[in-house]
Amino acid sequence: MNKQSLMPRVAVVLAALGAITAGTVLSAHAVTPQPQAHAVSTVAQAQGELFPELNGLRIKAVNTGDVYLVLDGKRHLISSTVTYNALFRTTDGVRLVLTTANITDGGPLTAYAYLARSIDDTTVYLVSNGSKREITPAALDKFGFNTAAVRTTYPSVLAALPTAAPLT
């Protein structure tokens with residue numbers, strides 16, 4: 001991979017991590033002008049990439065209203081403010097990025113996804129897309145999940161759901 005093909009990937013990662021501002025990323029592209037056809041092919045090559053280093057981040061591309069949660073290196077659309085508020089404490093943790101197109105689309109979180117735990121266990125789960133994912137205590141904080149919004153349910157309800165990989 002050459003330096004020019006790395007630019008979109010590096011820009012997304014650095015902007016999402018807050019290491020640089022959007023203006024800096026844009027000026028970096030201005031220093032290495034690329035023909036429009038090449039820029040399109042660079043983005044096409046970068047689509048479908050996984051970004052596990054962004055797991056737990058909530059990201060929003062410039063000029064869009066869509067907010068995504070990065071899980072397993074993929075972006076997952078948070079489809080409504082109801083779902084967002086059921087999962088997260090505040091909107092302070094949303095990172096502004098230049099584009100989300102470089103990150104593999106993992107599909108949207110289920111409308112009305114929620115956090116749950118059993119009445120006889122303190123383990124918290126993310127319930128979305130027909131399965132449950134255990135959330136470790138460290139991940140509860142890292143992801144900015146709203147522990148006050150955790151629903152308490154019967155063990156049989158959670159036991160009936162397939163288990164996906166835990167969030168750590």
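In what order do the 4 strands of the open sheet run, and is the pairing mixed or not?

## The sheet

This is a predicted model, and its open sheet lines up the 4 strands as 3-2-1-4, with mixed pairing. Strand 3 (74–78) and strand 4 (94–97) sit at the edges; each has a single partner strand, so one side of each lacks a neighbour in the sheet. Going from one strand to the next, the twist averages 40°.

As background, strands in a sheet pair through backbone hydrogen bonds, and they can do that parallel or antiparallel. Here, strand 1 and strand 2 (residues 67–71) run antiparallel and are joined by 3 bridges. If you want a spot to look at in the viewer, try arginine 58, which stands opposite leucine 69 in strand 2.

## Phenylalanine 51

Now for the loop between helix 3 (36–46) and strand 1 (58–61), which is where you'll find phenylalanine 51. Is this residue buried or exposed? Phenylalanine 51 counts as buried because its relative accessibility is 0%, and the cut-off for buried is under 20%.

Phenylalanine 51 also makes a handy reference point for arginine 75: the two are 24 residues apart in sequence, with 8.9 Å between their C-alpha atoms.

## A nonpolar patch on the surface

Which residues make the nonpolar surface patch of about 310 Å²? They are Ile119, Tyr154 and Val157. Isoleucine 119 lies in the loop that links strand 5 (114–118) and strand 6 (124–128).

Note on methods: Residues are numbered from 1 along each chain as its sequence is written. This is a predicted model: local features need pLDDT of at least 70, side-chain atom pairs count only at pLDDT 80 or more; totals for chains, interfaces and linings use all residues. Side-chain values use heavy atoms; hydrogens and water are left out. Patches are made of residues with over 30% relative accessible area and no salt bridge: like charges are joined within 9 Å, nonpolar side chains (Val, Leu, Ile, Met, Phe, Trp, Tyr) within 5 Å. Accessible areas come from the Shrake-Rupley method with a 1.4 Å probe; for residues, only the protein chains shown count as cover. A salt bridge is a side-chain nitrogen of Lys or Arg within 4 Å of a carboxyl oxygen of Asp or Glu. Helices (H or I, at least four residues) and strands (E, at least two) are DSSP runs, numbered from the N terminus. Buried means under 20% relative accessible area, exposed over 50%, partly exposed in between (1.4 Å probe, protein chains only). Two strands pair if DSSP finds at least two bridges between them. Axes are lines fitted to C-alpha atoms, for helices over the stretch in contact, and angles run from 0 to 180 degrees between N-to-C directions.
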